[in-house]
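Q: I am new to this structure and would like a close look at one part of it. Please start with the whole chain, then go to the metal site and work outwards from there.

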Amino acid sequence: MCASGDLSHEFECFGHISWNSCSTSAPPTGRGRFIDPLLADFELVRNWLTFCCKNHTRDCTVESGDPIRMFQLIDCNSNKIVTAIRRMKYIALSYVWGVHSSEDALEDGKLVWKHLPQTIRDAIKITKLLGYRYLWVDRYCIPADPRLKHTQIRKMDIIYQHAQATLLGAAGKNATYGLPGAGTRCRKTQRAVEMGQHKLFSTFARPETVIKQSTWMTRGWTYQEAMLSKRRIFFTDEQVYFECAGMQCSE
Ligand SMILES: [Zn+2]
């Protein structure tokens, strides 16, 4: 797919989009473009979220109310674990912890940044870039109390259902890998060639294909629970991909 100097407004605002035939409201269509290997275009991702929130009121509305008792979230401003008060809007993370050694990053109810795996650091950063303050990560937000822990693990599907969006780490084999596009883990570079005034970029594989090959996808329970989220933002080694009931968008 080709990107040249005369990019349309729709193209800049929405990247590459397709939408479901059942959707009653669809955004303007777009074409491919150059993708920064290091940092995803989070203004673009915010546009996708905003469009979904405003226009997909029938299929993508997140249920109001608190998902479970003693529900805890990471306050991304302070890195403290806080008990949710009524109807706090939050982002959820679906990822593969994997096999790796790390020091416990939770001390006295606060996350110690230097001990956090890169995927968690990136998720905190992205939550704020998307305009949210609270993030749910199973490892740090499920209470240690055995009874509460058991109850909350059984209700993880509800937690994902109530999230404003879920970040999905569909790259790497464990939580040290990070979320590609957050500014640390470099993504694949598109092949490009200049032809006169124009620059031609190769497109990446279909995001669905890349996601299907990820370690994250091999965890069946992770996949199922994340699919319960109304809005899914996948991070792959190639690009960021958004999916909801009304549309699919990629950078
Ligand atoms: Zn939607």
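What percentage of the 251 residues of the protein chain count as buried? And which residues are the protein donors of the zinc ion?

A: This is a predicted model, in which local features need pLDDT of at least 70 and side-chain atom pairs count only at pLDDT 80 or more, while totals for chains, interfaces and linings use all residues. Residues are numbered from 1 along each chain as its sequence is written, and side-chain values use heavy atoms, with hydrogens and water left out.

Of the 251 residues of the protein chain, 51% count as buried. Buried means under 20% relative accessible area, exposed means over 50%, and partly exposed lies in between, with a 1.4 Å probe and protein chains only. The chain holds nine helices and 14 strands; these are DSSP runs numbered from the N terminus, with helices (H or I) of at least four residues and strands (E) of at least two. Its accessible surface comes to about 12600 Å², and carbon and sulfur atoms hold 49% of that surface. Such areas come from the Shrake-Rupley method with a 1.4 Å probe, and for residues only the protein chains shown count as cover. Among contacts in the chain with a separation of 6 or more, 71% are between residues 24 or more positions apart. Contact here means heavy atoms within 4.5 Å.

Now the metal site. The protein donors of the zinc ion are Cys52 through SG, His56 through ND1, Cys60 through SG and Cys244 through SG, at 2.1 to 2.4 Å from the ion. Donors are N, O and S atoms within 2.8 Å of the metal (3.2 Å for Na, K and Ca), and sites may look incomplete because water is not among the atoms. The spacing of the donor residues in sequence is C-x3-H-x3-C-x183-C. The arrangement is tetrahedral because the four donor atoms subtend angles of 100 to 115 degrees around the zinc ion; four donors count as tetrahedral if all angles lie between 85 and 135 degrees. Cys52 and Cys60 are both buried.

Further along the chain, Met70 lies in the loop between α2 (42-55) and β3. Met70 counts as partly exposed because its relative accessibility is 36%. Its phi is near 55 degrees, a positive value in a residue other than glycine. In general, most residues other than glycine have a negative phi.

Strand β3 covers residues 72-75, with Gln72 and Ile74 pointing one way, Leu73 and Asp75 pointing the other way, and all of them buried. β3 pairs with strand β4 (residues 80-83) in the antiparallel sense over four bridges. Two strands pair if DSSP finds at least two bridges between them. Opposite Ile74 in β4 stands Ile81. The hairpin of β3 and β4 has four residues between the strands, and Asn79 in this hairpin takes a positive phi near 65 degrees. β3 is also joined by two bridges to strand β8 (residues 134-136), and these two strands run antiparallel. Tyr134 in β8 is the bridge partner of Asp75.

Helix α3 comes before β8 in residue numbering and spans residues 118-129. Its twelve residues should span 16 Å at 1.5 Å a residue, which agrees with its end C-alpha atoms being 16 Å apart; the expected span is 1.5 Å times one less than the number of residues. Buried residues of α3 include Ile120, Ala123, Ile124 and Thr127. After α3 comes Gly131, whose phi is positive, near 90 degrees.

Met70 also has a link to a helix. Gln152, found in helix α5 (residues 146-154), is in contact with Met70 and, among others, Ile68, Arg69, Phe71 and Ile142, leaving aside its neighbours within four places in sequence. Gln152 counts as buried because its relative accessibility is 1%. The C-alpha atoms of Gln152 and Ile142 are 6.6 Å apart, and the two residues are ten residues apart in sequence.

Two further buried residues lie in helices. Thr222 is in helix α9 (residues 220-227) and counts as buried at 4% relative accessibility. Apart from residues up to four places away in sequence, Thr222 touches Ser94, Tyr95 and Trp216. Thr215 is in helix α8 (residues 215-218) and is buried, with a relative accessible area of 19%. With the same sequence neighbours left out, Thr215 touches Val96, Gly172 and Lys173.

Technical notes. Four donors count as tetrahedral if all angles lie between 85 and 135 degrees; four count as square planar and six as octahedral if opposite donors are over 155 degrees apart and all others between 65 and 115; anything else is irregular.
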